[in-house]
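Trainee: Could you take one part of this protein and walk me through it slowly? I'd like to see how a single helix sits among its neighbours.

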Amino acid sequence: MTTGDGSAEQAAAAWRRAARARERARSAEEAAERYEQRAVDSGNDVYAQLALMLRSTASCHRSSARLQEALARSLARWRRGHGTRPKFMTGVAEACGTSSVALTLVDAGHSQLAVAASSEPARAAQDLEFMLGEGPTRDATTGCRTVRASCDTIEQRWPCYGPALTALGIRAVAAVPLDTTGRCFGALAVFDPRPGLVGSRAFADIVGALTRTVLLDPDADPELYGGIDHRDVVQQAAGMVSVYIGRRVDDALALIKARAFTLGVPLETFARGIVAGDLKLTPEGPS
């Protein structure tokens, strides 16, 4: 392992974030206890409701702490020469009892802005949604509701995306919106989730941790600790193709997506070929 890779600093930072999250959980629990006592003393249900909210907040903070601790431990193992460099989303996947999860951030039109995935299949699944414009993440963010599908229902629900997803060996998927104050800004997709995960308290705490602390907390890192991809190379390729074919950038992006899907080439790989000058894209096809 080379020195100066920054992993020790990242691990230390993860431990600090975990400690802060556990302290916030403790504070929320103590406040909940005080409100519960007030509810008993006064008979006022408002205090009981506040206590429930605070206990939910404490659970989210504890879940956030566990995710940060998992990242720190994984970085320590990696520094000792075990496996590949860990991603934050790998810990999220482990917490969900699977190997493949993806977090997607969307704009007001529910188009993908950025994606972070725990595995190649999860990343490929999000690329398929980006190229085809349909899938569980898009449905979850558009409707701001949980979406689930498995086996044959995947292909029935998404005629283009479904067959391509099952071709990756994925047999079930669930996507849960990430929202705050009524605005949905992304979704967490879990591929081949373990039975009983979706709808469980543990899963709700994971989603809450991602929403409240990992992405929106004052100490949050929107880059997911270096693990998020803003699709910069795809956008760069779209700009180049736009100039070359004399069309709008949106048209160029649609053309890139269509060609990559038709050729069965990963979207980013295809875009890198354009940026590197290895191929030129015309309305008729690559050259």
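Mentor: Here is a close look at helix α5 and its surroundings. Keep in mind that this is a predicted model.

Let's start with the helix itself. α5 covers residues 136-143, and P136, T137, A140 and T141 in it are buried. Look down the axis of α5 and you'll see these buried residues fall within an arc of 125°, so they line one face of the helix. Right after α5 comes C144, with a positive phi near 50°.

What does that buried face pack against? Its partners are the helices α4 (120-132) and α7 (161-167), plus the strands β1 (100-106), β3 (147-150), β4 (172-180) and β5 (183-191).

Follow β4 next. Seven of its nine residues are buried, so to speak of it as mostly covered is fair. On one side, β4 pairs with β3 in the antiparallel sense, over four bridges, and R148 stands opposite A174 of β4. β4 also runs antiparallel to β5, with eight bridges joining the two. A174 turns up again here, standing opposite V190 in β5.

Now back to α5, this time for the pocket. The largest pocket has a volume of about 240 Å³. Its lining takes in 13 residues, and S111, Q112, F130, R138 and K257 are the ones nearest its centre. α5 gives two or more residues to that lining, and so do β2 (112-117), α4 and α10 (249-263). By type, the lining splits into six polar, four charged and three nonpolar residues.

Technical notes: Residues are numbered from 1 along each chain as its sequence is written. This is a predicted model: local features need pLDDT of at least 70, side-chain atom pairs count only at pLDDT 80 or more; totals for chains, interfaces and linings use all residues. Side-chain values use heavy atoms; hydrogens and water are left out. Buried means under 20% relative accessible area, exposed over 50%, partly exposed in between (1.4 Å probe, protein chains only). The arc is that of the directions from the helix axis to the C-beta atoms. Contact means heavy atoms within 4.5 Å. Two strands pair if DSSP finds at least two bridges between them. On a 1 Å grid over the protein atoms alone, a cavity is a set of points where a 1.4 Å probe fits but cannot get out, and a pocket is an open set with protein on both sides within 12 Å along at least five of seven lines; lining residues have an atom within 4 Å of a point. Grid points are joined across faces, edges and corners, and a volume is the space filled by probe spheres set on the points. Ala, Val, Leu, Ile, Met, Phe, Trp, Tyr, Cys and Pro count as nonpolar, Asp, Glu, Lys and Arg as charged, and the others, Gly among them, as polar.
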